Amino acid sequence: MAQGDLFVISGPSGAGKGTVIARVLERAPRVWLSVSATTRSPREGERDGVNYFFLSKEEFERGIEQDDFLEWAQYAGNYYGTPRRSVEDHVAAGDQVILEIEVQGALQVKERMPEAKMLFIAPPSLEVLEQRLRGRGTEDEATIRKRMEAARVELSQEKEYDVCFVNDRLDQCVDEVVAYLEEQAANEA
Ligand code: 5GP
């Protein structure tokens, strides 16, 4: 890749990816997190353009036709996609760009950009994952079931990734991801 680096981070919903990445961003100055587009409704506290670009189904499908997405996928009944342009701009500017995306989209990126580094964040177990999803209290029962099904599929794809971090203790997991990013930056220098 020309200047910066592209890092794909996946892992089942509830594995704590969002929390890990938020902590990594505080510590790694060159890292930029891509803001995805989605057709799901905002959760409480989520803001358009910050957490996601919240689009209608029609707007998203127009984006697909116009090739606006680097990758896109359907997940638990909604579309999710990475806006191509902003990612390309940040990579060109030398940033370490993180895409926090699910497995189908991650595999599209891997195919199109084999130089992308693939990171997987796993929960200590499926039981812990379910407890975390329920504890979050943001999803109804049907959604939790869909997400647990998706999680089983996602965990079986871990072998497609370059490196796996188990989010058992948050601090330790963050330290490991930061160390990995620093190592990659040093390799490039
Ligand atoms: P959530 O609805 O919990 O925010 O996200 C559900 C799943 O969609 C998560 O696994 C998240 O990583 C993934 N996701 C978020 N943005 C994108 C994206 O742009 N593309 C793809 N393929 N997955 C995404």
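## Exercises: a ligand and its pocket

H1 gives the largest share of the lining of the largest pocket, six residues. Let's work outwards from there. This is a predicted model, where local features need pLDDT of at least 70, side-chain atom pairs count only at pLDDT 80 or more, and totals for chains, interfaces and linings use all residues. Residues are numbered from 1 along each chain as its sequence is written, and side-chain values use heavy atoms, with hydrogens and water left out.

**Exercise 1.** Find the volume of the largest pocket and the elements that line it.

*Solution.* Step one: know the term. On a 1 Å grid over the protein atoms alone, a pocket is an open set of points where a 1.4 Å probe fits, with protein on both sides within 12 Å along at least five of seven lines; lining residues have an atom within 4 Å of a point.

Step two: the volume, the space filled by probe spheres set on the points, is about 990 Å³. Of the 38 lining residues, Lys17, Gly18, Arg43, Tyr52 and Glu100 are closest to the centre.

Step three: two or more lining residues come from each of helix H1 (17-27), S5, S6, strand S7 (96-100), helix H5 (126-136) and helix H6 (141-155). Helices (H or I, at least four residues) and strands (E, at least two) are DSSP runs, numbered from the N terminus.

**Exercise 2.** Describe what surrounds the ligand.

*Solution.* Step one: the space taken by the ligand is the largest pocket. Strand S5 (69-75) and strand S6 (78-83) are the elements that give two or more residues to the shell around the ligand.

Step two: of the 16 residues around the ligand (a heavy atom within 4 Å), Ser36, Arg40, Tyr52, Tyr80 and Glu102 come nearest. The shell divides into five nonpolar, four polar and seven charged residues.

Step three: look for polar contacts (N or O atoms within 3.5 Å). A polar side-chain atom of Glu71 lies 2.8 Å from a ligand nitrogen atom, and one of Glu100 lies 2.7 Å from a ligand oxygen atom. The protein buries 96% of the 510 Å² that the ligand exposes when taken alone (Shrake-Rupley method, 1.4 Å probe).

**Exercise 3.** Locate Asp67 and Ala76, and check the phi of each.

*Solution.* Step one: most residues other than glycine have a negative phi.

Step two: Asp67, in the loop between helix H2 (57-65) and S5, has a positive phi of about 60 degrees. Ala76, in the loop between S5 and S6, has a positive phi of about 45 degrees.

Key
Polar contact = N/O pair within 3.5 Å; in protein donor to acceptor, adjacent residues only side chain to side chain. Sits in = over half its atoms within 2 Å of the grid points. Nonpolar A, V, L, I, M, F, W, Y, C, P; charged D, E, K, R; others polar.
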